[in-house]
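The following exercises are intended for a reader who meets this structure for the first time. Each task is followed by a solution in steps.

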Amino acid sequence: MTDLRRHSPASERNGPPILAALQRLLPPAGVLLEVASGTGQHAAFCSAGLPGWQWLPSDFDAAALPSIAAWCAGLRNVQAPITLNVLDDPWAGVPPQVDAIYCANMIHIAPWACTAALMRGAARHLAPRGLLITYGPYLLDDEPTAPSNLAFDADLRTRNPAWGIRRLADVAGEAAAVGLMLSERLDMPANNKLLAWSRPD
């Protein structure tokens, strides 16, 4: 029998610290939309550690959906994955309101317009106290950039000039334009950050 699961070593490594952060940031139960689920490893691992949450995985690439479904097979709190292009308005197949949106490793591997679109979609779909949680590398004005991130940024831009590690200040500007503010900034392994965005009280 063919195993449809794709494997990402990075997803396997960063799953545990991401789950620990989600368990601290999120309430005991809710509905979470994952944008850019990729292989599906985060959906499988993190949903198992958040049993009170209904997890809706998605990806821009329809070819990724069989891998996501295979990783999440048998998990009762994970819904069937959907195809989602953040540039679409509205987001077809997404509930009108969700309690959290989680997006890892998309902002730097997508054109800049996708960051603004992610923020607009989050503003449309998040419940009043909901969180948008993003994970990945960022360029920070108040911290020197790690050599590994500089090399990664150069590699991304060689692969696609529209890609690249984004300045956190620029991402925050897109969030502020739709009423979202940075409420948590957590240091993560391998020079990554986990950021939580919310509406001011």
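**Exercise 1.** Which residues of the largest nonpolar core touch the most other members?

*Solution.* The model is predicted, and local features need pLDDT of at least 70, side-chain atom pairs count only at pLDDT 80 or more, while totals for chains, interfaces and linings use all residues. Residues are numbered from 1 along each chain as its sequence is written, and side-chain values use heavy atoms, with hydrogens and water left out.

Step 1. A nonpolar core is a set of buried Ala, Val, Leu, Ile, Met, Phe, Trp, Tyr and Cys residues joined through side-chain atoms within 4.5 Å. Buried means under 20% relative accessible area, exposed over 50%, and partly exposed in between (1.4 Å probe, protein chains only).

Step 2. The largest core has 29 residues, and Val35, Ile101, Met106, Leu132 and Trp197 touch the most other members.

Step 3. Two or more residues each are given to this core by strands E1 (30-35), E4 (98-104), E5 (126-136) and E9 (192-198), and by helices H4 (113-125) and H6 (168-177). Helices (H or I, at least four residues) and strands (E, at least two) are DSSP runs, numbered from the N terminus. H4 supplies the largest share, five residues.

Step 4. A second, separate core has 28 residues, including Ala43, Ile68, Cys72 and Val78.

**Exercise 2.** Determine the surroundings of leucine 118 and methionine 106.

*Solution.* Step 1. Leucine 118 lies in helix H4 and is buried, with a relative accessible area of 0%.

Step 2. Contact means heavy atoms within 4.5 Å. Leaving aside neighbours within four places in sequence, leucine 118 is in contact with Val35, Val86, Trp91, Cys103, Met106, Ile107, Leu132 and Thr134.

Step 3. With neighbours within four places again left aside, the contacts of methionine 106 are Val35, Ala36, Val86, Cys114 and Leu118.

**Exercise 3.** How many of the residues of helix H2 are buried?

*Solution.* Step 1. Helix H2 covers residues 41-48, and six of its eight residues are buried, so H2 is largely enclosed by the rest of the structure.

Step 2. The buried residues are Gln41, His42, Ala43, Ala44, Cys46 and Ser47.

Step 3. Their cover includes helices H1 (9-25) and H3 (65-71), together with strands E1, E2 (53-59) and E4.

**Exercise 4.** Examine the backbone at proline 90, alanine 36 and alanine 190.

*Solution.* Step 1. Most residues other than glycine have a negative phi, and most peptide bonds are trans.

Step 2. The peptide bond from aspartate 89 to proline 90 is cis, with omega near 10°. Proline 90 lies in the loop between strand E3 (82-83) and E4.

Step 3. Alanine 36, in the loop between E1 and H2, has a positive phi near 65°. At 22% relative accessibility, alanine 36 is partly exposed.

Step 4. Alanine 190, in the loop between strand E8 (181-188) and E9, has a positive phi near 60°. At 62% relative accessibility, alanine 190 is exposed.

**Exercise 5.** Describe the chain as a whole.

*Solution.* Step 1. The chain has six helices and nine strands.

Step 2. Of its 201 residues, 48% count as buried.

Step 3. Among contacts with a separation of 6 or more, 72% join residues 24 or more positions apart.

Step 4. The C-alpha atoms fill a box of roughly 45 × 45 × 30 Å, taken along the principal axes.
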